[in-house]
Amino acid sequence: MHRGSCLCRAVRYEIDGPLRRITHCHCSMCRKFHGAGVGTYATLRRARLRVVAGEEALTVFASSDHATRSFCSRCGASLFFEDRDEPESVDVAIGTLDDEPDAMPWAHIFVADKAGWVDIRDELPRFEASPPSEPSTS
């Protein structure tokens, strides 16, 4: 079990089971959403995520015709990304975990859109857009 929350702790969530699919996303929308060089997410089956407090504080923003991003309306913390084309999964911003993840990021994605001031110095695989295959989200 993993637990997480927004900065003001109004929104709290739980994730059942281990985290396996963690990526650093370099797309411009993730950079804007996080106010940082990358957005780091764990992708998991939606059924494994439970918002246990503060659902009324969540604001959902349609960032494109197929995706939404949820954040705390009180403190502005970036929390979740959802793609309508993948209704069974949700991406959780792992910077909002209250504990340490039990896995490490496995890849950089959307590096074609990477900010010029970001220098990738690790040896993780890099994908211009979405990777062709990814670790399990179960």
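In the predicted model, Ser78 is located in strand β8. Ser78 is buried, its relative accessible area being 10%, which is under the 20% limit that defines burial. The side chain of Ser78 reaches the backbone oxygen of Phe33 at a distance of 2.5 Å. Apart from residues up to four places away in sequence, Ser78 touches Phe33, His34, Ser70, Phe71, Ala93 and Thr96. Phe33 takes part in a further interaction through its ring, over which the charged end of Arg69 sits, 5.5 Å from the ring centre.

Strand β8, which spans residues 78–83, also contains Phe81, one member of an aromatic pair whose other member, Tyr41, belongs to strand β4 (residues 39–45). A search of the whole structure identifies 3 aromatic pairs. In the pair formed by Tyr41 and Phe81, the ring centres lie 6.4 Å apart and the planes meet at 55 degrees, so the arrangement is classed as tilted; an edge-to-face assignment would require an angle over 60 degrees. The two residues are 40 residues apart, and the pair thus links distant parts of the chain. Both Tyr41 and Phe81 are buried.

The burial of Tyr41 accords with the setting of strand β4, in which 6 of the 7 residues are buried, so that β4 is largely enclosed by the rest of the structure. Strand β4 is paired with strand β3 (residues 21–25), to which it is joined by 5 bridges in an antiparallel arrangement. Within this pairing, Arg21 has Thr43 of β4 as its bridge partner. Strand β4 is likewise joined to strand β9 (residues 89–93) by 5 bridges, and these two strands also run antiparallel. Here the bridge partner of Arg45 is Ser89 in β9.

An open sheet is formed by 3 strands in the order β1-β2-β5, with antiparallel pairing. Strands β1 (2–5) and β5 (49–53) occupy the edges; each has a single partner strand, and therefore one side of each is left without a neighbour in the sheet. From one strand to the next, the twist averages 25 degrees. The pairing between β1 and strand β2 (residues 12–15) is antiparallel and extends over 4 bridges. In this pairing, Arg3 stands opposite Glu14 of β2.

Conventions:
Residues numbered from 1 in each chain as written. Predicted model: local features only at pLDDT ≥ 70, side-chain atom pairs only at ≥ 80, totals over all residues. Heavy atoms only, no water. Phe/Tyr/Trp six-rings, centres within 6.5 Å; stacked < 30°, edge-to-face > 60°. Buried < 20%, exposed > 50% of the residue type's maximum accessible area, 1.4 Å probe, protein only. Lys NZ or Arg CZ within 6 Å of the ring centre and 35° of its normal. Pairing = 2+ DSSP bridges. Polar contact = N/O pair within 3.5 Å; in protein donor to acceptor, adjacent residues only side chain to side chain. Contact = heavy atoms within 4.5 Å. Axes fitted to C-alpha atoms, helices over the stretch in contact; angles between N-to-C directions.
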